[in-house]
Amino acid sequence: MRQLPRQTDPNVLVGFETSDDAGVYLLDEKTALVQTVDFFTPIVDDPRIFGEIAAANSLSDIYAMGGRPISALSIVGFPEKGDAEILLEILQGGLAKMIEAKCSVIGGHSVRNDDVLFGYAVTGVIDPRRVWKNVGARTGDALLFTKPLGTGVISTALKKDKASAESVVAAIGSMSTLNRAAAEALHGIEAQEKRSDAIHAVTDVTGFGVLGHAREMALGNPEKGIARVSLEIDHAAFAYLPGALESAKEGYLPGGLKNNREFVGECAEFAASVAQEYRDLLLDPQTSGGLLVAIRADAADEALSVLQRQGVTAARVGDVVGTKSPLLYVK
């Protein structure tokens, strides 16, 4: 992407240069479009549940930017001789989740493909003065995180028939839960006059895992490779899905986790007391994962209270500190 020519359209408020969750295009002084696209292969056996998860995952980037989804286009890859009933169930699951999000599916595109692929291109609207980017964290901020971790290792264990029924049900529940309630709770904090500038950075944690997305948040300008801040993260503060620790201990690690370890590289350091399974889970690629939020420290407790009242799993998981080495320190 860095080799592509620069665009000069002043209405592009967020493009691909900052590796953000979605793009933002200004329409007028009060309205901008926020756009994203996401699709993947099945991670569960039930086609309807797969459709729900794919939809929740596609919508997540809109919520992470602070937007409200309004329309979506489906993206389908399906085998030429595949069972049409399976495809119908996938589409029904996706549509049900889109209806829950009050987002209209207005079309889409399908291709013949050996592997099943499904997802959406989603368009939302956003106040251009209230865009949450994945950069902008400030020294002294608190780090909040929503949703429990472990969908990647549990999905891997499931593929090998080694995941418990409890862990699968919990993982499906997490992956199919919209980040809407979390985003609405944060909007409520932001709407208060005394908290109007409290939220400094937001990203949803997906394929790069917690540490991969934290790295992007800390760098601030990925192109220049210059860190704006460093992050200190408490592994014990996170919620973990039932069975996630056991799956990690038993070595059910997805390929993406290993890639994330290489991606984070030497910019992350762990205290000696952090067990290997926790290190792995902080690198575990998440599907439809939670929001990582950098918020002014004096607003953190209030934000947690509002999130929890909305039924959102949330915890303070670390702090933003001045730039130092390592970029990320996990205690």
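This passage describes selected local features of a predicted model.

The surface is considered first. Val12, Tyr25 and Leu27 together form a nonpolar patch on the surface. The area of this patch is about 230 Å². Tyr25 belongs to strand β2, which spans residues 23-28. The relative accessible area of Tyr25 is 30%, so this residue is classed as partly exposed.

His200 offers a contrasting environment. Its strand is β8, covering residues 199-204. His200 has a relative accessible area of 11%. The cut-off for burial is under 20%, and His200 therefore counts as buried. The side chain of His200 makes a polar contact with the side chain of Arg138. The distance of this contact is 3.3 Å. Neighbours within four places in sequence were set aside in listing the further contacts of His200. The remaining partners are Val135, Gly136, Ala137, Arg138, Asp141, Ala294 and Arg296. Arg138 thus appears both in this list and in the polar contact.

Cysteines were examined next. Zero disulfides were found in a search of the whole structure. Cys103 is buried, at 4% relative accessible area. Cys267 is also buried, with a value of 16%. Both values fall under the 20% limit, so Cys103 and Cys267 are each assigned to the buried class.

Backbone geometry was then inspected. Most peptide bonds are trans, and most residues other than glycine have a negative phi. Three sites depart from these patterns. One is the peptide bond from Ser325 to Pro326, which is cis. Its omega is near 5 degrees. Pro326 sits in the loop that links β12 (314-321) to β13 (328-330).

The other two sites concern phi. Asp161 is not a glycine, yet its phi is positive, near 60 degrees. Asp161 lies in the loop between α3 (151-159) and α4 (165-175). Its relative accessibility is 71%. Exposure requires over 50%, so Asp161 is classed as exposed.

Ser288 likewise has a positive phi, of about 50 degrees, without being a glycine. This residue is placed in the loop between α9 (276-281) and β11 (291-295). Ser288 has a relative accessible area of 1% and is therefore buried. The two positive-phi residues thus differ in accessibility: Asp161 is exposed, whereas Ser288 is buried.

Terms used
Residues are numbered from 1 along each chain as its sequence is written. This is a predicted model: local features need pLDDT of at least 70, side-chain atom pairs count only at pLDDT 80 or more; totals for chains, interfaces and linings use all residues. Side-chain values use heavy atoms; hydrogens and water are left out. Patches are made of residues with over 30% relative accessible area and no salt bridge: like charges are joined within 9 Å, nonpolar side chains (Val, Leu, Ile, Met, Phe, Trp, Tyr) within 5 Å. Accessible areas come from the Shrake-Rupley method with a 1.4 Å probe; for residues, only the protein chains shown count as cover. A salt bridge is a side-chain nitrogen of Lys or Arg within 4 Å of a carboxyl oxygen of Asp or Glu. Helices (H or I, at least four residues) and strands (E, at least two) are DSSP runs, numbered from the N terminus. Buried means under 20% relative accessible area, exposed over 50%, partly exposed in between (1.4 Å probe, protein chains only). A polar contact is a pair of N or O atoms within 3.5 Å; within protein, one must be able to donate a hydrogen and the other to accept it, and residues adjacent in sequence count only if both atoms are side-chain atoms. Contact means heavy atoms within 4.5 Å. A disulfide is a pair of cysteine sulfur atoms within 2.5 Å.
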